[in-house]
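Visitor: I am new to protein structures and would like to learn how to read one. Could you walk me through it, step by step?

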Amino acid sequence: MQRFARALERETRRLLASADATLNRLYGWRGNPLYQSGALAISLLILLIVTGVYLLIFYRVGSPYASVARLNEQVWVGRWIRALHRYASDAAVLAVLAHGFRMYAQRRRWGPRALAWVSGLVLLGLLLVCGWTGYVMVWDTFGQVLAVEGARLLDLLPLFSEPIGRAFVGEQPIPGAFFFLNLFLHIALPIGFGVVLWVHVSRVARPVLAPPRRVTGVVVGLLVLAAVLIPVVMAPEASPFVLPERVPLDVFYALWLPLTRELPAGVVWLLGAAALLLLAGAPIWSRPALAERPRPSLVNERLCTGCWQCALDCPYEAIAMLPRTDGRAEVVARVDPSRCVSCGICAGSCAPMGVGPPQRTGRDQLERVQTFLAQRQPEPGGVVIVACSNGAGGLGDDPAVEGLVFPVQCAGNVHTSVIEYLVRAGVEGVLLVACPARDCWNREGAAWLEARVFRNREAELQERVDRRRVRVAYAGRGERRAALEAVREFRTALLGLESPVAEEGIDVLKLCDATESVEGAEA
Amino acid sequence: MRPGVRAALGGGLATAVAAAVAGLSQVSYTADPGPEALLRLSWRARGERVEVCRDVTEEELRKLPQHMRQPRVCEGTTAPYRVVVSVDGEPVADEIPSGSGTRQARPLYVYRELPLSPGAHHLSVLLERVGGAAESPPQESEIEEDHKKGVVPPRLHLEETVHLAPRQVLLVTYDAERQALITR
């Protein structure tokens, strides 16, 4: 099973990298809608609520079809608002699927992220059920086919004493209560959305709930344009005495319909249950073997100064500051392993290098970069590329590029002392290649890196380091050309600088003043 | 890529995706391809209730809590009925519908769909109490009068020649007021 999971992950990653790279070239990474899929889904939900309120004013449970038909006759407003409501719901499904695909490809589905994965599935389920009730509300032939098929499937379950499918056969007129219930569900389910969404983002700090305005504006604008130019077809009214020949099927909500109508209800339930188990079980069957799972961060309490920065920077609220028990006055950081995804952001945020996943703390990084330089022996004027191994155009996986590649698991892990060490060791320049901000597997790695290097965020790059020799570039996994272009540009920019002077015998531990002060205080 | 080309490609792709969303939102799907019509049997009717009653002994009564001491207890169910459907003299369905509920004591329902070719058909639908009313009388029946009200008769027979249009659904149902099977 793990072999299958790895192969699936590899292929989804490849596909995602390719799609991201294409859209980045067209729109730039700030405008790439795939990076905003989750936030876009929420924006579309808000659009659905706004347009839904307008539609609700005209909807009548006593005459559902007639009221929608009247609405459709409002050429200037009602018709396109109805179409916009429909297309926004379709786009929401698309956005949710894209979001789920990204989360799978980027391994953001198991361990502490399993809650978000499963609650995301619940959100998708709610969205689909909400859509089905919306279609049944219209009570046209498509709504009828959906209702009859839904009733056929539900009748297999031992829930009702009599088949509910009989409600649609024409024995009696369909009661208004049925349409009222439908309307109630259609309105109540989005409220449930809010609750599940809260659970969905409960394990992340600073969840991004809205995409950039430009992206929202373009998406909404295009949907409005589509709604005006391509109005929704008003199918014939449902009738229990005529079998509908052709119905306008919404692929996003009823792709399954042509298949299930041909299968016995029991088989449909079995297939549905299997699909659900497969998706909901992904956090279990697709997680790496225990030995391969990254370990949660650890805090060296002796080094911790209680500055709060790791707790502030942690994208998963996995670090709490608690009173010390060793007699010192300050608080001390404690990592909650059940929330820590081993992103390593804390390693880059800790000035005294006292926190981080095993083998990836600032101190470990300094030791590694020391060995790296000793082994690779950069030529005078050489550039070191510190590349995220998840993105950065794949440079982190490929040392055969111009310059020396120092791979890191996430650019947000990089401790600024590593950059300082490289510059003081005499390299011509340090190019940090991170994933675009919204593509970061660890959510905020790229943002914190830039803030530490250029905006004096705690664990900042020291003033003494020549900023002209340090640059941050962004490239997604599939943007190898863009990453190499950034390397070339940086090398060109460095040509105008004087030759760097290499310091001899840099004391790695001295790079960290706080470490010394703590140790000095203890002495 | 030149900015103009990039803008054109980007705009074109975004427009195409929006058009695809609108198009995929209403794909024409053939729900029922053929010209076949449908005969639909659907009704709910209260079948004759069969009850067996007995007096509870003094000893049994004493074992029961005071509020449960009924001198006479009755257990009942709905009598079985049979539905036989023939089209143009050919039997197409023969089944014994059950009363709903775990003890099958609630009204029985019939729900069956049979495809038919369009055109004229001679239709026969028979609903009959299994064994007949006299054949299996309850040993001791104390069915209250209000139970008997609205009970489907022991035998109902619908015989009719119908003309079905392509894709028409003909409903055969039970009219409780007229106590007869009817078509719609």
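Guide: Gladly; we will go through contacts, domains, helix packing and strand pairing in turn. Please keep in mind that this is a predicted model.

Visitor: Let us begin with the two chains. How many residues does each chain bring to the contact?

Guide: As a general idea, the size of an interface is often given as the accessible area lost when the parts come together. Here we can count residues instead: chain A brings 39 residues and chain B brings 36 residues. On the side of chain A that touches chain B, the elements giving two or more residues are helices H1 (2-27), H4 (78-105), H8 (213-229) and H9 (251-254), together with strand E1 (246-249). That side of chain A is made up of 27 nonpolar, three polar and nine charged residues.

Visitor: In which sense does E1(A) pair with the strand of chain B?

Guide: E1(A) pairs with strand E1 (residues 27-30) of chain B in the antiparallel sense, over four bridges. To find the place in the 3D view, look for Val247(A), which sits opposite Tyr29(B) of E1(B).

Visitor: Now for chain A by itself. Which domains does the domain assignment give?

Guide: The assignment splits chain A into domain 1 (2-285) and domain 2 (353-522). Their C-alpha centres are 44 Å apart. The two domains also touch: twelve residues of domain 1 and ten residues of domain 2 take part in the contact. On the domain 1 side, five of these residues are nonpolar, four are polar and three are charged.

Visitor: I also see helices lying against each other. How are two packed helices described?

Guide: Two packed helices are described by the angle between their axes and the distance between the axes. Try H4(A) and helix H5 (residues 114-138) of chain A: their axes come within 11 Å and cross at roughly 165°. Angles over 145 degrees count as roughly antiparallel, and H4(A) and H5(A) are therefore roughly antiparallel to each other. The crossing of H4(A) past H5(A) is left-handed.

Visitor: Which residues of H4(A) and H5(A) make the contact?

Guide: From H4(A), they include Ala92(A), Val93(A) and Val96(A), and from H5(A), Leu123(A), Leu124(A) and Leu127(A) are among them. Glycines take part as well, including Gly100(A) of H4(A) and Gly120(A) of H5(A). By class, this contact has eight nonpolar, five polar and no charged residues.

Visitor: May I try another pair? Are H15(A) and H16(A) roughly parallel or antiparallel to each other?

Guide: Start with the numbers: helix H15 (residues 362-376) and helix H16 (residues 416-424) of chain A pack at an angle of about 25°, and their axes are 9 Å apart. Angles under 35 degrees count as roughly parallel, so H15(A) and H16(A) are roughly parallel to each other. H15(A) passes H16(A) in a right-handed crossing. Gly362(A), Gln365(A), Leu366(A) and Val369(A) of H15(A) meet Ser417(A), Val418(A), Tyr421(A) and Leu422(A) of H16(A). Five residues of this contact are nonpolar, three are polar and none is charged.

Visitor: Last, a sheet. What is the order of the strands in the open sheet of chain B?

Guide: This open sheet has four strands in the order E6-E5-E8-E9, with antiparallel pairing. At the edges are strand E6 (90-95) and strand E9 (155-164) of chain B, each of which pairs on one side only. On average, neighbouring strands are turned by 15° against each other, direction ignored. Inside the order, strand E5 (residues 81-87) and strand E8 (residues 119-129) of chain B run antiparallel and are joined by seven bridges. One spot to look up is Ser86(B), whose bridge partner in E8(B) is Ser124(B).

Terms used:
Residues numbered from 1 in each chain as written. Chains lettered and ligands numbered in written order. Predicted model: local features only at pLDDT ≥ 70, side-chain atom pairs only at ≥ 80, totals over all residues. Contact = placed C-beta atoms within 7 Å. Nonpolar A, V, L, I, M, F, W, Y, C, P; charged D, E, K, R; others polar. Pairing = 2+ DSSP bridges. Domains from an automatic or database assignment. Axes fitted to C-alpha atoms, helices over the stretch in contact; angles between N-to-C directions. Parallel < 35°, antiparallel > 145°, perpendicular 65-115°, else oblique. Left-handed = near helix turned anticlockwise from the far one by under 90°.
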